[in-house]
Amino acid sequence: MTEIRPPEVHYPLDRAFALEAVRVTEAAAIAAFAQIGRGNEHDADQAAVEAMRAAFNRLPIEGTVVIGEGERDEAPMLYIGEKVGLGGTAVDIALDPLEGTTLTAKQMANALAVMAMAEPGTMLNAPDTYMDKIAIGPGFPEGLIDLDAEPAANIAAIARAKGVSPTDITALVMDRPRHEALIAKIRKAGAKVKLITDGDVAGVIETTNPATGVDIYMGIGGAPEGVLAAAALRCVGGQMQGRLVFRNDDEKARAAKWGISDLNRKYGLMDLVAGDVVFSATGVTDGAMLRGVHRDGGEFITTESVVMRSATGTVRWIRARHRRDKSV
Ligand code: VTB
């Protein structure tokens, strides 16, 4: 007699946790809400970190933080290597409970709570250094842009691919003295520059949304933020390259500690996040992509989040109404 077996069930982790993921970033964003506009970056960050950690610890995962708040000796919570969750499916986690602490403290646009969960061992264990990044949204021929090409060449390539003039192209760059030459080159190439003060995870994601008018992200931001942005692009589509930038030998030693041997390596999107991944972001302050946390009426708090899966490319926007008198 043939044995009857149930069909093999392949239930990938990012499918199982796509809707759980949003609770984690919602919790961090709601906790940061009370700190919006209060000029206190430390308290804003701490509130988000504590809430995010508590939310992770309610999930049936065996999570390992690979991109976190810092190394164990400098971050009391959600440090790199910390284990979170109730136990269950093994996942690696990249997180930034408050991407834009200054934006939150000053009540400026685009602060987010973000995190990505991926199959173990598939996200770059980026040290807390800088990363030179270039990114574009989906729909372009593979290999269109190159981190090592001149800005004018990248701008010309994207203009050609879009069938427009370089003068119609907008590049998003962080407003930093280190980008003076880059900004000048972009403008010389004819393109416009949109400057942001912080929050380059949201900045990279802007390239994927035609409504923002941003065609390309360029410049040096945080390396951990680079991995988080890559997780989003893996889901929504797009191209990205990055290379770690070190300011001193101590930073190089940190990279070595996380197993990076080629310090000059140019990472492609799949090198930054190789496995199936789920990415979730909740708006803290109102922004280009997401509305921030608001208190609508006396007892409700509203949040807006986006959750994406790389396996299917599904992008879900989730607007939630939370009762203030009940826990998240
Ligand atoms: C960025 C940005 C962050 O740090 O990666 C940036 O996304 C890089 O560092 O929001 P510098 O501030 O030194 O340029 C933030 O602005 C702050 O963490």
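These exercises work through a predicted model, each with a stepwise solution.

## Exercise 1. Domains

Find how the chain is divided, and how the parts meet.

Solution.
- Step 1: take the bounds. Domain 1 covers 16-121 + 277-323, and domain 2 covers 130-272.
- Step 2: take the C-alpha centres. Those of domain 1 and domain 2 are 23 Å apart.
- Step 3: look at the contacts between them. On the domain 1 side 25 residues take part, against 22 residues of domain 2.

## Exercise 2. Strand β13

Decide whether strand β13 (residues 300-309) is enclosed or open, then list its partner strands.

Solution.
- Step 1: check burial. The cut-off is under 20% relative accessible area. In β13, 10 of the 10 residues are buried, so the strand is largely enclosed by the rest of the structure.
- Step 2: split the strand by face. One side carries Phe300, Thr302, Glu304, Val306 and Met308. The other carries Ile301, Thr303, Ser305, Val307 and Arg309. Both faces are covered.
- Step 3: pair β13 with β11 (residues 277-283). The sense is antiparallel, with five bridges. Phenylalanine 279 has methionine 308 of β13 as its bridge partner.
- Step 4: pair β13 with β12 (residues 294-296). This pairing is antiparallel too, over three bridges. Histidine 294 bridges to threonine 302 in β13.
- Step 5: pair β13 with β14 (residues 315-323). Nine bridges join them in the antiparallel sense. Threonine 302 has arginine 321 of β14 as its bridge partner.

## Exercise 3. Two hairpins

Identify the glycine with a positive phi in each hairpin that involves β13.

Solution.
- Step 1: start with β12 and β13. Three residues lie between these strands. In the turn, glycine 297 has a positive phi of about 80°.
- Step 2: go on to β13 and β14. Here five residues lie between the strands, and glycine 313 has a positive phi near 75°.
- Step 3: inspect threonine 312, which is in the loop between β13 and β14. The side chains of threonine 312 and threonine 314 make a polar contact of 2.6 Å.
- Step 4: compare chain separation with distance in space. Threonine 312 and arginine 15 are 297 residues apart along the chain, yet 9.3 Å separates their C-alpha atoms.

## Exercise 4. Alanine 18

Place alanine 18, classify it as buried or exposed, and name its contacts.

Solution.
- Step 1: locate the residue. Alanine 18 sits in helix α1 (residues 13-33).
- Step 2: classify it. Its relative accessibility is 4%, so alanine 18 counts as buried.
- Step 3: find its contacts, leaving aside neighbours within four places in sequence. They are Val278, Val307 and Arg309. Val307 and Arg309 are on one face of β13.
- Step 4: take a C-alpha distance. Isoleucine 36 is 18 residues away along the chain from alanine 18, and 27 Å away in space.

## Exercise 5. The open sheet

Give the strand order of the six-stranded sheet and name its edges.

Solution.
- Step 1: write the order. It is β7-β6-β8-β5-β9-β10, with mixed pairing.
- Step 2: find the edges. β7 (192-196) and β10 (267-268) each have a single partner strand, so one side of each lacks a neighbour in the sheet.
- Step 3: examine one edge. β6 (residues 170-174) pairs with β7 in the parallel sense over five bridges. Leucine 172 is opposite lysine 194 in β7.

## Exercise 6. Threonine 207

Work out where threonine 207 lies, and what its side chain reaches.

Solution.
- Step 1: locate it. Threonine 207 is in the loop between α6 (200-206) and β8 (216-222).
- Step 2: classify it. With a relative accessible area of 8%, threonine 207 is buried.
- Step 3: follow the side chain. It reaches the backbone oxygen of valine 204 at 2.7 Å.
- Step 4: list contacts beyond four places in sequence. Among them are Ala135, Gly137, Asp215 and Tyr217.

## Exercise 7. The ligand

Which residues surround the ligand, and how much of its area does the protein bury?

Solution.
- Step 1: list the surroundings. They are Glu99, Tyr130, Met174, Arg176, Arg178, Asp198, Gly199, Asp200, Gly221, Gly222 and Glu225.
- Step 2: take polar distances from ligand oxygen atoms. A side-chain N or O atom of tyrosine 130 is at 2.4 Å. For the side chain of aspartate 200 the distance is 2.6 Å. A polar backbone atom of glycine 222 is at 2.7 Å.
- Step 3: take the area. Alone, the ligand exposes 410 Å², and the protein buries 75% of that.

Methods. Residues are numbered from 1 along each chain as its sequence is written. This is a predicted model: local features need pLDDT of at least 70, side-chain atom pairs count only at pLDDT 80 or more; totals for chains, interfaces and linings use all residues. Side-chain values use heavy atoms; hydrogens and water are left out. Helices (H or I, at least four residues) and strands (E, at least two) are DSSP runs, numbered from the N terminus. Buried means under 20% relative accessible area, exposed over 50%, partly exposed in between (1.4 Å probe, protein chains only). A polar contact is a pair of N or O atoms within 3.5 Å; within protein, one must be able to donate a hydrogen and the other to accept it, and residues adjacent in sequence count only if both atoms are side-chain atoms. Contact means heavy atoms within 4.5 Å. Two strands pair if DSSP finds at least two bridges between them. A residue is near a molecule or strand if one of its heavy atoms lies within 4 Å of it. Accessible areas come from the Shrake-Rupley method with a 1.4 Å probe; for residues, only the protein chains shown count as cover. Domain bounds come from an automatic or database domain assignment.
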